[in-house]
Amino acid sequence: MPKKRVWIAAGIILNSTQDHIFITRRHANAHQGGLWEFAGGKVEANETAEQAVIRELNEEVGIQVTTLTPLISLAHDYPDKALQFDFFAITAFTGEACGNEGQAGLWVAIDDLEQYPFPEANAAVLAKIVEVYGG
Ligand SMILES: Nc1nc2c([nH]c(=O)n2[C@@H]2O[C@H](COP(=O)(O)OP(=O)(O)OP(=O)(O)O)[C@@H](O)[C@H]2O)c(=O)[nH]1
Ligand SMILES: [Mg+2]
């Protein structure tokens, strides 16, 4: 039986000058644990991807998103999980981004993003960020 593809929405949180991004580190015991990520999670039944990313960023990073635009969508198969992602650029929000669930979080210059280990699925996302927002 084919595995059910799980739908994930995640946010690339930009600062007001659009040269830094807020990233968080996945808990050691989570799927792809210890790696950095763009905060987000599963799209729940009866939710749009936009609604899911707004909810997840409030829960995980403590911000209230006011402006978001689709950045890239992609499918990725891990050996243990088949995922479908919608990544959004978050260009306006209120509140202070923080690791709201005890996870590490930090603002990283776009030029320095390559120094942080991300899950395999993120390679195309990182390239897109550099293409659109890179110096
Ligand atoms: N949020 C997020 N998940 C990512 C990224 N890259 C990536 O491969 N993933 C994978 O996508 C899935 C997202 O799951 P999640 O753990 O954030 O979802 P969730 O918050 O709804 O999980 P939960 O229901 O267990 O709390 C995980 O399998 C994770 O390994 C990313 O940049 N951000
Ligand atoms: Mg999550």
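1. Around ligand 1 there are 16 residues, of which Q32, E37, G41, K42 and P119 come nearest. Strands β1 (6–14), β4 (40–42) and β6 (81–94) are the elements that each give two or more residues to this shell. The model is a predicted one, which applies to the ligand surroundings and to the points below.

2. On the make-up of the shell: β4 supplies the largest share, with 3 residues. Sorted by class, the residues around ligand 1 are 8 nonpolar, 5 polar and 3 charged.

3. Two of the strands that contribute to the shell, β1 and β6, also pair with each other. They run parallel and are joined by 8 bridges. Within this pairing, I13 has I90 of β6 as its bridge partner.

4. Strand β6 also pairs with β5 (residues 64–78), here in the antiparallel sense and over 13 bridges. One position to look at is V65, which stands opposite F93 of β6. The connection from β5 to β6 is a hairpin through 2 residues. Strand β6 thus has a parallel pairing with β1 and an antiparallel one with β5.

5. On annotation: UniProt lists residues 4–131 as "domain: Nudix hydrolase", in an unreviewed entry. Across residues 4–131 the chain is 17% helix and 42% strand. The C-alpha atoms at the two ends of this range are 32 Å apart.

Terms used. Residues numbered from 1 in each chain as written. Chains lettered and ligands numbered in written order. Predicted model: local features only at pLDDT ≥ 70, side-chain atom pairs only at ≥ 80, totals over all residues. Near = placed C-beta within 6 Å. Helix = DSSP H or I, 4+ residues; strand = E, 2+ residues; numbered from the N terminus. Nonpolar A, V, L, I, M, F, W, Y, C, P; charged D, E, K, R; others polar. Pairing = 2+ DSSP bridges. UniProt positions renumbered as here; feature names shortened; annotations may be inferred.
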